[in-house]
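I am starting a notebook on a structure that I have not looked at before. I will write down what I looked up, entry by entry.

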Amino acid sequence: MRMVRFTPRFWISLAVFLAVVAFGVIGPMFAGDKLGENVGGLYDPPSAEAWLGTDDLGHDIFTNLMFGTRTSLIIGMIAGAVATLIGVVIGLLAGYHGGVLEEILMGITNVALAIPAIVVLILISVALDFRSIVAMAVVIAITSWPWTARAVRAQASSVRTREHLDVARLSGASTWQILVWDVLPYLLSYIAMAFVLQVASAILAEAGLSLLGLGPSNSVSLGIMLNWSLVGESLRTGAWWSFIPPTLLLTLVAFTLLMLQSSLDEVFNPRLRRGQRLARPTAGSGAALAQVGVVTEPAMADVEEVPTDGADTVATGGLGAGPASRSGSGHGRETR
Amino acid sequence: MRLRNYLLGKTLWYIGALVVAVLLNFILPRLVPGNPVDTIVSQAGRSGTQAESLRQIYQHYVREFELDKPLWEQFLAYIANLLQGDLGTSFALYPAKVESVIAEALPWTIGLQLPAILIGWLVGNALGAIAAFKGGWFDRGAFLSSLFLSSMPYYCLAIILLYTFAVALPMLPPGGGYEPGTTPGFTLAFTVDFFRHYWLPFFSLVIIFIGGQAVGMRSMAIYELNSDYVNYGRGLGLPDQRIVRYIFRNAMLPQVTGLALAIGTLVAGALITEIVFSYPGIGYLLFSAISQNDYPVIQAITLIVVVTVLLSNYLVEVAYGFIDPRIRAAQVGER
């Protein structure tokens with residue numbers, strides 16, 4: 001592993017993200033005894049008892065914030081894992097198998113990619129009478145796997161023609177064994193990055209749904225806290241302690257996860273090395289063009305690809321992978 | 001021949017997607033335990049509506065959705081109504097038709113989103129291109145702040161702007177599309193009032209959009225700067241101006257696509273911004289429809305979103321088929 005050198009950006013974003021995780025996981029264990037209890041009146045400002053004041057029901061916001069972070073992270077993790085799993089299985093099968101199976105699986109994927117995720121999210125959430133945290137996560141996963149499937153298929157079909165697969169086949173390995181032991185390892189770095197992105201977009205999708213009033217029932221999440229403070233008119237009355245903390249945490253989580261993903265990209269993506277090689281001749285030419293960021297920061301050129309996809313998701317209110325052709329071409333180019 | 005196959009294939013795929021989407025739109029709300037009409041009527045009953053009018057409302061909805069018929073007949077009726085532009089009757093605003101409710105909200109959303117997308121696109125692309133060409137500290141600053149803005153959920157910025165400029169420093173009104181009590185019209189007073197309510201939601205959208213576009217444009221420009229034709233052009237001794245022009249044209253192509261797709265998603269693009277600012281558009285309508293279990297309105301909004309998104313994606317792909325021969329060639333090998 002000495003060959004892999006993580007950048008400071010990676011360590012910083014990892015540290016911040018882990019701090020948020022610790023806040024959501026460890027926090028409730030030590031200071032979680034005030035959940036759902038009345039500790040004060042309507043929108044009490046921050047004080048020694050309630051560090052971040054109280055909400056519209058007189059509940060402690062700091063406690064809500066810890067549990068809300070936990071819920072959002074759990075939903076993000078489960079949704080990210082399920083979506084990545086579905087995407088990887090379908091993508092691997094389609095890419096490795098080829099033929100009719102590939103046609104069918106990619107047909108399904110393309111149709112799922114074309115239908116805006118927010119619509120499916122709203123319709124399913126409306127139809128579910130009681131939305132548990134796990135159900136929310138699965139619903140989000142159902143709408144977000146297609147772009148992973150598409151990208152994994154592209155990579156798997158490039159691995160398909162390698163010779164070691166013939167060896168495996170000759171020695172009698174089954175399809176699943178080949179997929180898991182001979183194809184999957186080539187894609188692991190990519191899958192890790194896709195997972196991080198899926199987690200980020202799932203957390204934002206949950207927040208968006210909760211703000212629309214379709215969040216998990218009987219629980220607190222960052223989105224639900226925002227929903228409460230909007231419904232409770234805290235914005236108009238100036239009770240900043242009820243909406244600024246969840247807003248900042250959501251932004252922090254989204255930003256650090258994207259940073260984490262882009263710095264993983266720097267480590268794993270071979271195009272990074274090409275960027276460095278190209279930097280030298282360009283720097284020599286001395287033209288104004290040579291001063292472009294690539295020269296000083298070769299990694300950056302690779303960084304934006306995937307965050308752009310993330311930005312789509314954000315800007316369109318959790319529209320999943322956003323525009324089909326765009327995210328497709330973005331990932332497609334990486335695989336070449 | 002190839003172009004025709006490409007267009008035919010795309011058309012079939014998008015029709016398929018549309019059929020699936022309409023089917024989902026029809027079937028999912030009907031999976032609600034019990035049926036939505038019973039729920040609504042029992043709620044209305046609790047609020048003390050007269051028994052006779054309650055029965056009338058109930059029968060109206062049973063007739064409208066043909067709930068007494070088998071599912072496939074309901075579906076046929078649903079499709080037939082859709083084709084006539086009939087989206088049903090709202091539950092919460094009975095007896096208002098869904099079409100008229102939506103027609104009232106849609107102009108607000110378009111008026112908010114379209115200028116935000118266009119201006120954000122222009123400014124963002126200019127910023128991204130300048131950052132890519134200038135480099136140095138300007139580039140770093142512009143890139144990092146754009147990356148931060150584009151990864152920030154758009155409603156978070158909306159909340160922060162609203163609090164800062166309407167509550168902490170009360171410069172602008174905290175929400176709504178216009179001052180309650182005034183009637184919308186083309187008078188000077190109303191226009192002034194309209195814009196006072198317009199700035200905050202508008203800027204919360206445009207700033208995020210600038211960030212996303214700048215990040216995309218910068219990466220495209222840098223990607224092009226590293227490409228072989230640029231090195232070749234330099235080798236030939238082409239002036240920088242010329243090279244910049246080539247780079248810009250190539251880098252613009254995906255950005256134009258992005259613009260078309262963003263316009264296609266504009267109905268669903270700012271749902272939560274409108275909720276934050278109580279702006280009377282589609283997002284706010286959806287929010288109140290969800291809180292009142294107003295299924296016909298929810299269904300109509302999701303349908304409009306699906307149709308506009310699919311249509312814009314389809315048009316972009318068709319346009320690409322005409323513009324870019326490489327796409328047609330690639331389609332044969334890969335889908």
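Entry on terms. Before I look up any pair of helices, I note that an axis here is a line fitted to C-alpha atoms, for helices over the stretch in contact, and that angles run from 0 to 180 degrees between N-to-C directions. I also keep in mind that this is a predicted model.

Entry on H5 and H6 of chain B. I looked up helix H5 (residues 98-134) of chain B and helix H6 (residues 136-151) of chain B, which pack at an angle of about 140° with their axes 7 Å apart. Angles over 145 degrees count as roughly antiparallel and 65 to 115 as roughly perpendicular, with the rest above 35 as oblique, and therefore H5(B) is oblique to H6(B). I noted that the crossing of H5(B) and H6(B) is left-handed. On the H5(B) side I found B:Leu127, B:Ala131 and B:Lys134, and these meet B:Gly136, B:Phe138, B:Asp139, B:Ala142 and B:Phe143 in H6(B). Sorted by class, this contact of H5(B) with H6(B) has five nonpolar, one polar and two charged residues.

Entry on H13 and H14 of chain B. Next I looked up helix H13 (residues 282-291) of chain B and helix H14 (residues 295-323) of chain B, for which the packing angle is about 145° and the axes are 8 Å apart. The crossing of H13(B) and H14(B) is left-handed. Here B:Ile282, B:Leu285, B:Leu286, B:Ala289 and B:Ile290 in H13(B) meet B:Val297, B:Ile298 and B:Ile301 in H14(B). By class, I count for the contact of H13(B) with H14(B) eight nonpolar, no polar and no charged residues.

Entry on the core. Which residues touch the most other members of the largest nonpolar core? Of its 173 residues, I found that these are A:Leu121, A:Ile140, A:Ala254, B:Leu162 and B:Leu286. The largest share of this core, 19 residues, comes from helix H9 (residues 175-211) of chain A. I recognised B:Leu286 from the previous entry, where it is one of the residues of H13(B) that meet H14(B).

Entry on the two chains. For chain A, I noted 17 helices and zero strands, and 54% of its 336 residues count as buried. For chain B, I noted 15 helices and zero strands, and 41% of its 335 residues count as buried. I then looked at contacts between residues at least 6 apart in sequence: in chain A, 70% of them join residues at least 24 apart, and in chain B the corresponding value is 72%.

Entry on A:Phe255 and B:Phe148. I went to A:Phe255, which lies in helix H12 (residues 240-268) of chain A. Is A:Phe255 buried or exposed? It is buried, because 22 other C-beta atoms lie within 10 Å of its own. Leaving aside residues up to four places away in sequence, A:Phe255 touches B:Phe148, B:Ser151 and B:Met152. The C-alpha atoms of A:Phe255 and A:Ala200 are separated by 8.6 Å, with their positions 55 residues apart along the chain. I followed the contact to B:Phe148, whose place is in helix H6 of chain B. B:Phe148 has 16 other C-beta atoms within 10 Å and is therefore partly exposed. Its C-alpha atom and that of B:Gly211, 63 residues apart along the chain, are separated by 7.8 Å.

Entry on positive phi. I looked up A:Asn218, for which phi is near 55°, a positive value in a residue other than glycine. A:Asn218 is found in the loop between H9 and helix H10 (222-231) of chain A, and because it has 9 other C-beta atoms within 10 Å, it is exposed. For B:Ser278, phi is near 45°, again positive in a residue other than glycine. B:Ser278 lies in the loop between helix H12 (271-276) and H13 of chain B, and with 20 other C-beta atoms within 10 Å it is buried.

Entry on B:Val256. Last, I looked up B:Val256, which has its place in helix H10 (residues 240-264) of chain B. B:Val256 has 15 C-beta neighbours inside 10 Å, so it counts as partly exposed. B:Val256 and B:Val316 are 60 residues apart in sequence and, C-alpha to C-alpha, 9.4 Å apart in space.

Notes. Residues are numbered from 1 along each chain as its sequence is written. Chains are lettered from A and ligands numbered from 1 in the order in which they are written. This is a predicted model: local features need pLDDT of at least 70, side-chain atom pairs count only at pLDDT 80 or more; totals for chains, interfaces and linings use all residues. Helices (H or I, at least four residues) and strands (E, at least two) are DSSP runs, numbered from the N terminus. A crossing is left-handed if the near helix is turned anticlockwise from the far one by less than a right angle, and right-handed if clockwise. Two residues are in contact if their C-beta atoms, placed from the backbone, lie within 7 Å. Ala, Val, Leu, Ile, Met, Phe, Trp, Tyr, Cys and Pro count as nonpolar, Asp, Glu, Lys and Arg as charged, and the others, Gly among them, as polar. A nonpolar core is a set of buried Ala, Val, Leu, Ile, Met, Phe, Trp, Tyr and Cys residues joined through C-beta atoms within 7 Å. A residue is buried if 20 or more other C-beta atoms lie within 10 Å of its own, exposed if 12 or fewer, and partly exposed in between; C-beta atoms are placed from the backbone.
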